[in-house]
Structure formats: structure tokens, C-alpha cells
Amino acid sequence: MTTAIHGLVAAARAGDPAVIARLPSGWAVMGQRQVLRGYCLLLPDPVVPDLNALDGAARDRFLSDLGRLGQAVLEATQALRINYAIFGNLEPALHAHVHPRFADEPAQLRTQNPWAYDWSLAPAFSVETYGDLRNAIRERLGT
């Protein structure tokens with residue numbers, strides 16, 4: 001089965017400018033829509049169906065990389081906290097979302113799930129707008 005996650009991994013391998021870094025478990029990439037500034041994903045390489053499809057060592061690597069990525073985003077954005085999400089319902093391939101959360105979010109959305117935002121209104125990732133932030137996250141990852 002080919003999913004959008006397979007496409008994102010293929011793009012990362014080909015040098016997509018949204019790539020933050022190649023990590024031991026896969027790819028850290030900026031989200032295609034920056035609904036929250038610094039939103040990014042961790043994509044396993046190779047792609048697997050879900051977290052439980054990884055053996056113990058690979059699962060530990062993925063979750064460790066997820067924590068490292070979240071810490072780098074926290075530091076680069078000066079967010080209040082990071083929300084992490086792994087679903088796989090819409091795209092049945094493992095991927096993890098890293099959402100920085102900020103004090104200046106609209107009051108009615110501040111405590112909501114990030115999917116409460118209107119993603120169609122969120123700015124698309126571009127190097128011109130988000131390249132410096134991508135680079136700051138990369139630097140904090142030490143890659």
C-alpha cells in the first residue's frame with residue numbers, strides 16, 4: 001500500500017526543502033501547513049504501518065527521535081509546550097506530529113486539539129518564510 005507518508009519519505013530522500021534532518025529512525029520534516037509555527041512531523045524510514053510494527057530497538061529509536069525533535073522545536077520556537085500525536089487513521093502508515101503550543105494562540109483554541117484550527121487557512125511551508133526556523137530546529141538537533 002502506498003500512502004501520503006510514503007510520498008513524504010520519498011520527497012525527503014530526494015532532498016525536499018521541508019526536511020529538517022535525517023535522524024536515526026527517519027526524517028524530521030516541517031509540516032506542509034504551518035498551522036502552528038514550527039509544526040513538524042517525524043517520518044520513519046523505511047515506512048511501516050504503525051508503531052507496533054517496529055521491533056523494540058527500532059521503536060525506542062523512533063520515540064527517542066520524537067522526543068529529541070520536540071525538544072528542538074520547543075527551544076527554536078520558545079513555545080510553552082509541545083503536543084505529540086500518533087494516529088495513523090487517515091494515513092495508515094506510522095508518522096508522528098509535533099505541535100508547538102503558544103501563549104498567544106486564540107483563547108478559544110489554546111486548549112483545543114490542533115485539528116480544531118482551520119488548516120486550509122494555515123500558511124504553507126516555504127523556505128522564504130520558514131527556512132530560518134527549519135535551520136534553527138536543525139541546529140538544535142545537532143545535525
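Just after helix 3, at glycine 142, the backbone takes a positive phi, near 75°. This is a predicted model, so let us walk back from that glycine into the helix before it and then on to the strands.

Helix 3 covers residues 127-141. Its buried residues are Tyr130, Gly131, Leu133, Arg134, Ala136, Ile137 and Leu141. An arginine is thus listed there beside leucines and an isoleucine. What do the buried residues of helix 3 pack against? Their partners are strand 1 (19-23), strand 2 and helix 2 (56-77).

Strand 2 takes us to the sheet pairings. Residues 26-30 form this strand, and it runs antiparallel to strand 3, with five bridges between the two. Within that pairing, tryptophan 27 stands opposite leucine 43 of strand 3. Strand 3 also pairs with strand 5 (residues 96-101), again in the antiparallel sense, here over three bridges. In this second pairing, leucine 41 has histidine 97 of strand 5 as its bridge partner. The two pairings of strand 3 can be set out as follows.

| Partner of strand 3 | Sense | Bridges | Facing residues |
|---|---|---|---|
| Strand 2 (residues 26-30) | antiparallel | five bridges | tryptophan 27 and leucine 43 |
| Strand 5 (residues 96-101) | antiparallel | three bridges | histidine 97 and leucine 41 |

Is strand 3 itself mostly covered or mostly open? Mostly covered: five of its five residues, 40-44, are buried. The cover is found on both faces, with Cys40, Leu42 and Pro44 buried on one side and Leu41 and Leu43 buried on the other. Leu43, the residue opposite tryptophan 27, and Leu41, the bridge partner of histidine 97, therefore sit on one side of the strand, both buried under the 20% cut-off.

Now for the whole chain. Three helices and five strands make it up, and along the sequence they come in the order α-β-β-β-α-β-β-α. The radius of gyration is 14 Å, close to the 15 Å that the globule rule gives for 143 residues, so the chain is as compact as a globular protein of that length. Along the principal axes, the C-alpha atoms fill a box of roughly 40 × 30 × 25 Å.

Of the 143 residues, 48% count as buried. Among contacts with a separation of 6 or more, 56% join residues 24 or more positions apart. On the outside, the chain exposes about 7,300 Å², and carbon and sulfur atoms supply 52% of that area. Finally, the chain carries 13 positive and 14 negative charges, and the mean positions of the two sets are 2 Å apart.

How values were computed: Residues numbered from 1 in each chain as written. Predicted model: local features only at pLDDT ≥ 70, side-chain atom pairs only at ≥ 80, totals over all residues. Heavy atoms only, no water. Buried < 20%, exposed > 50% of the residue type's maximum accessible area, 1.4 Å probe, protein only. Helix = DSSP H or I, 4+ residues; strand = E, 2+ residues; numbered from the N terminus. Pairing = 2+ DSSP bridges. Rg over C-alpha atoms; globule rule 2.2 N^0.38 Å. Contact = heavy atoms within 4.5 Å. Areas by Shrake-Rupley, 256 points an atom, 1.4 Å probe, with all protein chains shown as cover. Lys, Arg positive; Asp, Glu negative; His and termini not counted. Charge placed at Lys NZ, Arg CZ, Asp CG, Glu CD.
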